[in-house]
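Trainee: I've just opened this one and would like a close look at a single part of it. Could you walk me through the metal site and then wander outward from there?

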Amino acid sequence: MRYLVLTDIHANLEALETCLVDATGRGFAETLVLGDLVGYGADPNAVVERIQSLHPTAIVRGNHDKVACGLEQAEGFNAVAKSAAKWTLDVLKPAYRQWLAALPEGPIDVDDTVEICHGSPFDEDAYIFDELDAVRALKVSNRPLCLFGHTHYPVTFELSNDAFDTVGSTAAAQTQVQMTPGGKYLINPGSVGQPRDGDPRAAYAIVDTNARRVELYRIRYAVEEAQTKVINAGLPDVLAQRLAVGR
Ligand code: ZN
């Protein structure tokens, strides 16, 4: 099976469409979505519609989805995230708000190889940044490959032959992780719509379970278009500015 993996889209339609065109060229059969479809960006309705049209095999909710649909209060959010969540709640079509509110909590076992979650397999809202968190997640995960999002940082943690390895983001447009038998992998493909690793390119992954390979992609998209929409929507300017620098 070839799965397209999308996470942290954050209502950035330009980034999403560009990833979909690129991924279609490379070939995929099914789609996995790791949450945070909305929040920050100017196109929450169009992004929900586009994701629905892909009929994801598995999808989990993110923390921004929960707040933007009114399921949770924006208590842990900073001022910018809070105002974007309020804006999103106001503009979301009621049917999409309900659809977001009904998204399941992770983790979800997709098949014998893959498990997905938003933040971590032990807590959907926890952030996996360092190796300590990663080891805890790898222990909890019950599949060889656990895919996560939430931090907007592409990273691969690998536990194999008693060795622990961490590979962060690189400048390459394409990198691959070859899974070895008996190894456990915890991988964040990086954010589609709001990268924070200093690289403004959209990030996504394709998992090929037959080849036991994870393909990680970075791709340029029309950042200026997304920025113009953010500003015209009356969202905080900083949300437009950060797209250009990937922070
Ligand atoms: Zn996010």
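What are the angles among the 4 donor atoms of the zinc ion, and is the site regular or irregular?

Mentor: Keep in mind that this is a predicted model. The site of the zinc ion comes out as irregular, with angles of 88 to 176 degrees among its 4 donor atoms. Four donors count as tetrahedral only if all angles lie between 85 and 135 degrees, and the 176 degrees here is outside that range. As a yardstick, ideal angles are 109.5 degrees for four tetrahedral donors. Water is not among the atoms, so a site like this may look incomplete.

Now for who does the holding. The protein donors are D8 and D36, each through OD, plus H10 and H152, each through NE2, and they lie 2.1 to 2.3 Å from the zinc ion. Read along the chain, the donor residues are spaced D-x1-H-x25-D-x115-H. Look at the two aspartates: D8 is in the loop between β1 (2–6) and α1 (13–26), while D36 is in the loop between β2 (30–33) and α2 (44–53), so the pair ties together parts that are 28 residues apart in sequence. Both are tucked away from the surface: D8 is buried, with a relative accessible area of 0%, and D36 is buried too, at 1%.

While you're hunting for buried side chains, check the cysteines. C117 is buried at 0% relative accessible area, and C146 is also buried at 0%. You might wonder about a bond here, but a search of the whole structure finds 0 disulfides. The cysteine sulfur nearest to that of C117 belongs to C146, and it is 4.1 Å away. A disulfide needs the two sulfur atoms within 2.5 Å, so this pair doesn't qualify.

Next, the charged pairs. Side chains of opposite charge can pair when their charged atoms come close. The count comes to 18 salt bridges. One of them joins K66 and E124, with the closest N and O atoms 2.9 Å apart. K66 sits in helix α3 (residues 63–68) and E124 in the loop between β5 and α6, so this pair ties together parts that are 58 residues apart in sequence. Neither partner is out in the open: K66 counts as buried at 2% relative accessibility, and E124 is buried at 8%.

Two other bridges are worth a click. D199 and R201 meet with 2.8 Å from N to O, and D199 and R201 are both buried. R213 and E215 meet at 2.9 Å, N to O. In that pair R213 is partly exposed, with a relative accessible area of 21%, whereas E215 is buried, with 3%. Back at K66 and E124, salt bridges that share partners link them with R61, E72, E105 and D125 into one network.

Finally, turn to the surface. Y127, F129 and Y153 make a nonpolar surface patch of about 330 Å². Y127 lies in the loop between β5 (114–116) and α6 (131–140), and its relative accessible area of 41% makes Y127 partly exposed. E124, from the K66 bridge, lies in the loop between β5 and α6 as well, so that's a handy stretch to keep on screen as you go back and forth between the charged network and the patch.

Definitions and conventions. Residues are numbered from 1 along each chain as its sequence is written. This is a predicted model: local features need pLDDT of at least 70, side-chain atom pairs count only at pLDDT 80 or more; totals for chains, interfaces and linings use all residues. Side-chain values use heavy atoms; hydrogens and water are left out. Donors are N, O and S atoms within 2.8 Å of the metal (3.2 Å for Na, K and Ca); water is not among the atoms, so sites may look incomplete. Four donors count as tetrahedral if all angles lie between 85 and 135 degrees; four count as square planar and six as octahedral if opposite donors are over 155 degrees apart and all others between 65 and 115; anything else is irregular. Helices (H or I, at least four residues) and strands (E, at least two) are DSSP runs, numbered from the N terminus. Buried means under 20% relative accessible area, exposed over 50%, partly exposed in between (1.4 Å probe, protein chains only). Patches are made of residues with over 30% relative accessible area and no salt bridge: like charges are joined within 9 Å, nonpolar side chains (Val, Leu, Ile, Met, Phe, Trp, Tyr) within 5 Å. Accessible areas come from the Shrake-Rupley method with a 1.4 Å probe; for residues, only the protein chains shown count as cover. A salt bridge is a side-chain nitrogen of Lys or Arg within 4 Å of a carboxyl oxygen of Asp or Glu.
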